[in-house]
Each structure stands twice: as structure tokens, then as C-alpha cells.
Amino acid sequence: MNIIDCINSRRSGRDYTAEEISNEKIKELLTLGTKAPTGSYGQPWGFVVIQNKEEIQNLSEATKKYILENFDQYPYLQQYQAWLTNSTYSVFNHASCLIIIYGDTNSHWYIYDCSLAAGNIMLAAHSMNIGTCWIGFAEHTFNTAEFKKKYNVPEHYELVCPMSVGYMKTSLSAPKRKDPVIFNSQDS
């Protein structure tokens, strides 16, 4: 798949098969992620990879519990209350793998650099018929001191992108987007 087709057809995947992704394929995705541009050549990314379905399910339940217990702090999540209270809903889409990207806060550009790495991973995965989805619900869960300690994430690293990863059950149609907003357009 050429890069233009990849960009034009990639969508967030939320319906994965039970097939596991090999360690070699995960390593390849991470390596391609680290080919992203980086400010001052800082390369401030670090990764946690979780491939244990029971652990992923436990993290989903902990995330739902935390959000619901603190719902008033997250007005932008109010629209998802039915999902979060559904016992069968998985925050991580029942994925067989999570890739969690952290950035070294010693770099001024860590958010940008790690977001670019996430984009590379998502496009590379799509080109391999692997689906990905940035999981905003997990912002709190993966940035706690307890989680970071368990997975050896240094204190000066902050969560940038929690991502579910899995082989897609079905192909998705190309995304539809609004035309770009160009603020200084002469054609207005």
C-alpha cells in the first residue's frame, strides 16, 4: 500500500479478532514509530507494551471505575456514560495488545514528537492490516504513579498516547473529513 492510499484509508479500529500480534510485528511497529521527526533529535519517546488479555481487561475495568467515580471532572466524557456503565464494554476494544507511548518531559517537544511516533505506528499498522485506536479514556489510568512503577516508566515521563492494537474483524470504509480550514484563504 502506498503512503497516500494508507493515509486516505486509515481509520480507528474498534473491532478486533482474537488473533495475537507477534512480538516481531510489535517491534517492527515501534521501530517505525521511532522514525518520526523529532525536535532537536531528542527522541523523547518510551513505550509500554501489554499483550496479556486479562491484564488489558482489568485495566479496562479500572479505567471505567475511575472515570465513573470522577465523572464530574470529565464533562467531555458525559456523552459516553452508557458505554462506561455497560458491563460488556471494553475501553480497549477487546484488543490483544496495547501500545502506550510516554514522552520524556526533559524535552520541550515530547508531546509533538510522541504524537508523530503514534501517527507513524498507526499508519504502519494500517499498511499491515492491523487496526489501532488512540484511547483517550485511558489518560488517567496509565499516568498514575502505581502504573508507571509497575511498568518501569521513569517519573519524568508523561503519558502521550494509549493505543489499542489488533487485527481487524472487518475492513472499514475510508474516513470522511471536512475540508481544511485555511485562515488566510483568498477564496473566502
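# A tour from Arg 14

Begin by selecting Arg 14, which counts as exposed at 52% relative accessibility, where exposed stands for over 50% relative accessible area, buried for under 20% and partly exposed for what falls in between, with a 1.4 Å probe and protein chains only. What you have open is a predicted model, in which local features need pLDDT of at least 70 and side-chain atom pairs count only at pLDDT 80 or more, while totals for chains, interfaces and linings use all residues. Residues are numbered from 1 along each chain as its sequence is written, and side-chain values use heavy atoms, with hydrogens and water left out.

Arg 14 sits in the loop between helix 1 (3–9) and helix 2 (23–33); helices (H or I, at least four residues) and strands (E, at least two) are DSSP runs numbered from the N terminus. Now add Arg 11, Lys 176 and Arg 177 to the selection, since together with Arg 14 these residues form a positive surface patch. Patches take residues with over 30% relative accessible area and no salt bridge, joining like charges within 9 Å and nonpolar side chains (Val, Leu, Ile, Met, Phe, Trp, Tyr) within 5 Å. Lys and Arg count as positive and Asp and Glu as negative, with His and the chain ends not counted, and a charge is placed at NZ of Lys, CZ of Arg, CG of Asp or CD of Glu.

Next, move to helix 1, where Ile 4 is found. Ile 4 is exposed, its relative accessible area being 52%, and with Ile 3 and Ile 7 it makes a nonpolar surface patch of about 300 Å²; accessible areas come from the Shrake-Rupley method with a 1.4 Å probe, and for residues only the protein chains shown count as cover.

Zoom out to the whole chain, which has six helices and four strands, running α-α-β-α-α-β-α-β-α-β from the N terminus on. The C-alpha trace spans about 50 × 40 × 40 Å along its principal axes, and buried residues make up 41% of the 188 residues. The radius of gyration, taken over C-alpha atoms and compared with a globule rule of 2.2 Å times the number of residues to the power 0.38, is 17 Å, which agrees with the value near 16 Å for a compact globule of 188 residues.

Turn then to the salt bridges, each a side-chain nitrogen of Lys or Arg within 4 Å of a carboxyl oxygen of Asp or Glu; the count comes to five. One of them joins the side chains of Lys 169 and Asp 15 at 3.6 Å, N to O. This pair links distant parts of the chain, with Lys 169 in the segment after strand 4 (157–167) and Asp 15 in the loop between helix 1 and helix 2, 154 residues apart. Lys 169 counts as exposed at 51% relative accessibility, whereas Asp 15 is partly exposed at 35%.

Select Glu 55 and Lys 150 next, whose side chains meet in a salt bridge of 3.0 Å, N to O. Glu 55 lies in helix 3 and Lys 150 in helix 6 (residues 145–150), so the pair ties together parts that are 95 residues apart in sequence. Glu 55 counts as buried, at 17% relative accessibility.

Finish in helix 3 (residues 53–69), which also holds Lys 64. Lys 64 is buried, with a relative accessible area of 4%. In the same helix, Glu 69 and Lys 65 are four residues apart and therefore separated by about one helical turn; their side chains meet in a salt bridge of 3.2 Å, N to O, and both residues are exposed.
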